[in-house]
Amino acid sequence: MKNGPASLSQGRLVWSPDDRIHVSVRIQSGESSMTLSNLIASLRPSALALMTAAFVFGASAPASAEAACTSVDTPRCMVKLPTGIDMAYIEVGPADGKPVLLIHGLTDSVRSWSLAMDALHKIDPSLHILAVDLRGHGQSSMPDAKACASAPETCYRISDLAGDVVAFMQAKGISKADLAGHSMGSFVVQEIAITHPEMVGHAVLDATGAKSVGNAALGDFVLKQTIEGAWKPALEAKGLAYPSGVYELTPLDADPKAMEWIAANWTLDPAAEPSFLTPYTPETAKVRLGTWIGATKGLLAQDNTERLKTLKVPALVMWATQDSIYLAKDQDEIKASLKEAAAKAGTTFYWKEYGKKPLPASGAQESDIGHNIQWSAAETVAKDIHSFITTGAPTLDLVYSDEAPNVTKLIVEPGKAVVEKISN
């Protein structure tokens with residue numbers, strides 16, 4: 001530090017998630033760090049008085065969520081869970097605000113909800129919004145290879161993922177939250193809402209169904225054709241045991257051109273802005289094969305058709321007309337289960353449709369909103385989440401893509417959406 005007395009030009013107290021108080025100071029006379037005791041000794045009386053006042057008058061109110069963990073493009077905060085997972089997360093809004101927890105889908109990360117998270121925060125800055133990386137995804141750790149490598153699906157059951165989220169909420173001191181999940185994340189939300197209804201205020205199920213058992217897109221295209229049909233033989237040709245010897249490898253170890261396949265088949269979304277999709281391909285290519293195998297099989301084993309008939313938590317289902325994974329028939333099934341739940345418990349549920357154009361004969365999203373609703377229609381998704389958790393019902397805004405080639409341009413028509421109220 002430079003010679004001469006120091007003065008305190010800026011000081012603040014920051015509450016961390018573990019409730020420890022941290023002091024943040026900026027010293028005018030230099031950038032070097034120094035101990036707090038040396039700092040106090042060198043402060044002018046006026047600066048010391050200011051710092052004392054900060055402790056006396058500032059220590060009575062919690063601060064907002066940590067600034068270092070508010071963006072998907074910065075290092076995430078971490079929580080070590082009793083389930084053995086180090087869970088990464090980001091958060092915005094006041095730490096004592098009404099909590100909303102966002103949960104991503106298969107091979108995804110907090111990036112999946114980042115646009116909707118920003119939009120929801122702008123709509124209601126008082127909310128404490130958190131998004132997590134599920135086990136083996138994003139920056140969260142994988143389950144232990146010694147216990148899981150030989151059969152990854154035994155460590156990636158939906159109940160395992162839900163157990164991590166429950167443990168995360170407990171670690172953060174959140175006794176109850178509104179939960180929103182996309183695709184695989186929607187099944188995690190279903191699991192928590194069914195097994196821990198006291199912890200869930202509202203459940204938002206984005207691109208979902210009552211079951212994934214027998215799902216053709218996941219079972220045939222992702223698992224049989226890609227993971228086991230292409231990557232597995234390539235890895236075995238290198239002398240690697242499958243799955244035990246590939247648990248911590250990536251798709252790039254199986255196919256150097258895996259990013260091309262991912263970009264063309266997995267992270268493709270004609271309705272989403274290309275700039276949003278740019279980071280997805282390299283990030284998805286880094287997801288470990290143990291997660292690809294385990295989470296895909298774990299999701300394919302899930303059937304909540306009967307269990308949803310006991311649901312007591314208010315739920316909103318969001319579905320897009322060009323969803324190529326959970327189809328129209330899947331919507332009929334989940335609505336039937338929720339109808340029985342409404343009759344039994346008297347709970348009111350909602351189902352809302354996004355987009356206008358049906359899935360084309362190709363079976364792939366081409367010209368309207370598809371499976372990743374929150375990627376392309378983030379603002380409407382955020383409005384619907386906010387409306388649902390505050391009023392009990394989504395908005396009636398219809399959102400859909402403009403005609404080709406302007407598919408990324410969305411049109412919103414207030415009061416025109418297809419919304420079904422499911423009640424007793």
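## A threonine in a loop

Thr107 sits in the loop that runs between strand E5 (99–103) and helix H3 (114–123). In this predicted model, Thr107 takes a positive phi of about 60 degrees, even though it is not a glycine. How exposed or buried is Thr107? With a relative accessible area of 4%, Thr107 counts as buried, because the cut-off for that label is under 20%.

Ala207 is another one to look at. Its phi is near 60 degrees, again a positive value in a residue other than glycine. You'll find Ala207 in the loop between strand E8 (200–206) and helix H7 (216–236). Ala207 is buried too, and its relative accessible area is 0%.

## Two cis peptide bonds

Have a look at the bond between Tyr242 and Pro243: this peptide bond is cis, with omega at about 5 degrees. Pro243 belongs to the loop between helix H7 (216–236) and helix H8 (251–254).

Further along the chain, Ala404 is joined to Pro405 by a cis peptide bond, and here omega is near 10 degrees. Pro405 is in a loop as well, the one linking strand E11 (398–401) and strand E12 (410–413).

## The sheet

Which strands make up the open sheet, and in what order? Nine of them line up as E3-E4-E6-E5-E7-E8-E9-E10-E13, with mixed pairing. The edges are strand E3 (77–80) and strand E13 (419–422), each of which pairs on one side only. Going from one strand to the next, the twist averages 20 degrees.

At the E13 edge, the partner is strand E10 (residues 349–354): the two run antiparallel and are joined by four bridges. If you want a spot to zoom in on, Tyr350 stands opposite Lys421 in E13.

## A helix across the strands

Helix H5 (residues 158–171) lies across several strands: E3, strand E4 (86–92), E5, strand E6 (128–132) and strand E7 (177–182). Relative to E5, helix H5 runs at about 150 degrees.

## The whole protein

Zooming out, the protein has 15 helices and 13 strands. Of its 424 residues, 53% are buried. The accessible surface comes to about 18,100 Å², and carbon and sulfur atoms hold 54% of that area.

How much of the contact count comes from residues far along the chain from each other, that is, 24 or more positions apart? Among contacts with a separation of 6 or more, such pairs account for 73%.

Conventions:
Residues numbered from 1 in each chain as written. Predicted model: local features only at pLDDT ≥ 70, side-chain atom pairs only at ≥ 80, totals over all residues. Heavy atoms only, no water. Buried < 20%, exposed > 50% of the residue type's maximum accessible area, 1.4 Å probe, protein only. Contact = heavy atoms within 4.5 Å. Areas by Shrake-Rupley, 256 points an atom, 1.4 Å probe, with all protein chains shown as cover. Pairing = 2+ DSSP bridges. Axes fitted to C-alpha atoms, helices over the stretch in contact; angles between N-to-C directions.
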